[in-house]
Amino acid sequence: MGDGHVFADGSPLNAPAVKFSFDRVIKVAKGPGDLFGQVASIEAPDDHTVKFTLKAAFAPFLATLVDDGASIVIPR
């Protein structure tokens, strides 16, 4: 993510927003949340880095990231 990316309301689109979005869908644990069962943890060590740690090797994970359930939302 480069500097200056924002949501339509002007909120920053950054690593913490990405982490929030994935934590949110995983917490629901239904529908699209089922796709992320291999995720052990998500970290946002800085505004430009998101680190996904998986429970085990899972080759389709990158394809999972383009699913509708992986949409990034404004943290509230």
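## A hairpin, a helix and a nonpolar core

Let us start with the strands: E1 and E2 (residues 49-54) run antiparallel and are joined by five bridges. Two residues lie between these strands, and together E1 and E2 form a hairpin. Within this pairing, Val39 stands opposite Leu54 in E2. Keep in mind as you look around that this is a predicted model.

**The overall picture**

The chain contains two helices and two strands. Following the sequence from start to end, you meet them in the pattern α-β-β-α. The C-alpha trace spans about 35 × 25 × 20 Å along its principal axes. How does the radius of gyration of the chain fit that of a compact globule? A compact globule of 76 residues would have a value near 11 Å, and the chain has 12 Å, so the two agree. Of the 76 residues in the chain, 22% are buried. Contacts also reach along the sequence: among those with a separation of 6 or more, 50% are between residues 24 or more positions apart.

**The nonpolar core**

In soluble globular proteins, nonpolar side chains tend to be buried together. Which residues make up the largest nonpolar core here? There are eight of them: Val18, Phe22, Val25, Phe36, Val39, Ile42, Phe61 and Ala70. Both H1 and E1 supply at least two residues of this core. The largest share, three residues, comes from H1. You have already met one core member, Val39, as the residue opposite Leu54 in the hairpin.

**Phe22 and its ring partners**

Phe22 is a good residue to click on next. Leaving aside neighbours within four places in sequence, Phe22 is in contact with Phe36, Ile42, Phe52, Leu65, Ala70 and Ile72. Both Phe22 and Phe36 are buried.

A pair of aromatic rings is described by the distance of the centres and the angle of the planes. The structure has three aromatic pairs. One of them joins Phe22 and Phe36, with 5.4 Å from centre to centre and 85° between the planes. Is this pair stacked or edge-to-face? An angle over 60 degrees counts as edge-to-face, and the Phe22 and Phe36 pair is therefore edge-to-face. This pair links distant parts of the chain, as Phe22 sits in helix H1 (residues 15-28) and Phe36 in the loop between H1 and strand E1 (39-46), 14 residues apart. Ring pairs also link Phe22, Phe36, Phe52 and Phe61 into a cluster.

**Two salt bridges**

Side chains of opposite charge can pair when their charged atoms come close. How many salt bridges does the structure hold? It holds two, and the table lists them.

| Salt bridge | Closest N to O distance |
|---|---|
| Asp9 and Arg76 | 2.8 Å |
| Asp23 and Lys19 | 2.5 Å |

The Asp9 and Arg76 bridge links distant parts of the chain: Asp9 is in the segment before H1, Arg76 is in the segment after helix H2 (61-64), and 67 residues separate them. Asp9 is partly exposed, at 41% relative accessibility. Arg76 has a relative accessible area of 74% and counts as exposed.

The Asp23 and Lys19 bridge lies within helix H1, where the two residues are four apart and so are separated by about one helical turn. Asp23 is partly exposed, with a relative accessible area of 32%. Lys19 is also partly exposed, at 25% relative accessibility.

**Two more residues to find**

Ser11 lies in the segment before H1. Is Ser11 buried or exposed? Its relative accessible area is 18%, and because buried means under 20%, Ser11 counts as buried. Leaving aside neighbours within four places in sequence, Ser11 is in contact with His5, Val6 and Ile74.

Ala29 is found in the loop between H1 and E1. Most residues other than glycine have a negative phi. What is the phi of Ala29? The angle is near 55°, a positive value in a residue other than glycine. Ala29 is partly exposed, with a relative accessible area of 47%.

Definitions and conventions
Residues numbered from 1 in each chain as written. Predicted model: local features only at pLDDT ≥ 70, side-chain atom pairs only at ≥ 80, totals over all residues. Heavy atoms only, no water. Phe/Tyr/Trp six-rings, centres within 6.5 Å; stacked < 30°, edge-to-face > 60°. Buried < 20%, exposed > 50% of the residue type's maximum accessible area, 1.4 Å probe, protein only. Core = buried A, V, L, I, M, F, W, Y, C linked by side-chain atoms within 4.5 Å. Contact = heavy atoms within 4.5 Å. Pairing = 2+ DSSP bridges. Salt bridge = Lys/Arg side-chain N within 4 Å of Asp/Glu carboxyl O. Rg over C-alpha atoms; globule rule 2.2 N^0.38 Å.
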